[in-house]
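Student: I have a model open and would like to talk through the reasoning behind some of its labels. Could you help me with that?

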Amino acid sequence: MTAAVAMCRLAKALLLLLVGCIAAAPSLFGGVVGGTDTGAAGQDIYGQCIGCHSPDRNRTGPLHCGLFGRVSGTVQGFEYSPAMREARVTWDAESLDWFLRSPLDAIPGTTMGFAGIRDDARRTQLIEWLETLVEDSPLCEGVR
Amino acid sequence: MHNEDLKNAPAELLVETARRSRRKFIAEAGALTFSGVAVAMLGGQSTAIAAGIGDAAAAQDVRILRTAVAAEHEAVAAYQLGAESGLLEPAVLKVAVKFQGHHKEHVEALAAAIRKLGGDAPDALKQYDFPVEKLKNQADVLNFAAGLERGAVSAYAGAIPAFDNRELSSAAASILADEAMHWAVLRHALGLDPVPGAFFS
């Protein structure tokens, strides 16, 4: 039996076990798979961030709850690059717009290996959604 | 087989031949996907291309690679969590372990590239902050894994244009393709459209 045939059988087994069981499941890293009516576009764009970030947990990148008003490099328990620690940027709509357009150009030395979001409208939608990640957001439950 | 023979061959034989060729192609392509192609790109040719860690562009490439290794370590740990959860059926567990193996290969290849560029690859964290409390059944575990794979696809899509070294971009694209296949299989298993669109970022 070839590996391809074995893989196919395993995939079928997966399907038989689970198909029809789930209509739509929320993400287990902050409800970002799927979407809601409010801020759906920004939330969808946030999908580009979830390889490294989560609203409520430090991962490869720092958590995003409470991002607005925070000074760069200051989330407790996250190990930042020296460049980000030294940047001392206060995150707001303007600074995020500048940073997210091209992170590697904005703060050389950042470990955020992301080319950026060049489309102004999409960047704005993402920033508006990030602004909703405040203390009383369901995605920020338990985040101090 | 000559063209004349081919013309006269029964349709079933042609179909079977095509099927066997396709199986062979898929099997061989699968074997080459990462170990043969991407490792060579990352670990071999980049040696001659790298300008050294002192070069700003190479240093940036190393930082991007280190971030990728950190994310791959997280994926390995996540699949380990799923595998040890006791929530997966044997057939599903087999797939999860296979996918975890791919992520381990990604770590090895990316770490090799970092070393070639004169850097040090990060180790896995001792502990990851996973939403363990939300993993109650097999579907939860698969959804968790699907979220990570989806994120990985986006992360590589965002990193590919940022590499100064085009061969690293090419290798990252190879990894992205693997993560996308994982994501599609997991979505299919969850009863979701495995390929929800023509474009993805």
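Student: In which hand does helix 4 of chain B pass helix 6 of chain B?

Tutor: Happy to help! This is a predicted model, and in it the crossing of helix 4 of chain B with helix 6 of chain B is left-handed.

Student: Why is helix 4 of chain B called roughly antiparallel to helix 6 of chain B?

Tutor: Start with the value: helix 4 (residues 90-116) and helix 6 (residues 166-189) of chain B pack at an angle of about 170°, and their axes lie 11 Å apart. Angles over 145 degrees count as roughly antiparallel, so helix 4 of chain B gets that label with respect to helix 6 of chain B.

Student: Which residues make the contact between helix 4 and helix 6 of chain B?

Tutor: On helix 4 of chain B they include Phe99(B), His102(B), His106(B) and Leu110(B). Helix 6 of chain B contributes, among them, Ile175(B), Asp178(B), Glu179(B) and Val185(B).

Student: What kinds of residues are in that contact of helix 4 with helix 6 of chain B?

Tutor: Seven are nonpolar, four polar and two charged. Asp and Glu count as charged, and Asp178(B) and Glu179(B) are part of the contact.

Student: How many helices and strands does chain B have?

Tutor: Chain B has six helices and zero strands, so its elements read α-α-α-α-α-α from the N terminus on.

Student: What share of chain B is buried?

Tutor: Of its 201 residues, 44% are buried, where buried means under 20% relative accessible area. Chain B exposes about 10,200 Å², with 58% of that supplied by carbon and sulfur atoms.

Conventions: Residues numbered from 1 in each chain as written. Chains lettered and ligands numbered in written order. Predicted model: local features only at pLDDT ≥ 70, side-chain atom pairs only at ≥ 80, totals over all residues. Heavy atoms only, no water. Axes fitted to C-alpha atoms, helices over the stretch in contact; angles between N-to-C directions. Helix = DSSP H or I, 4+ residues; strand = E, 2+ residues; numbered from the N terminus. Parallel < 35°, antiparallel > 145°, perpendicular 65-115°, else oblique. Left-handed = near helix turned anticlockwise from the far one by under 90°. Contact = heavy atoms within 4.5 Å. Buried < 20%, exposed > 50% of the residue type's maximum accessible area, 1.4 Å probe, protein only. Areas by Shrake-Rupley, 256 points an atom, 1.4 Å probe, with all protein chains shown as cover.
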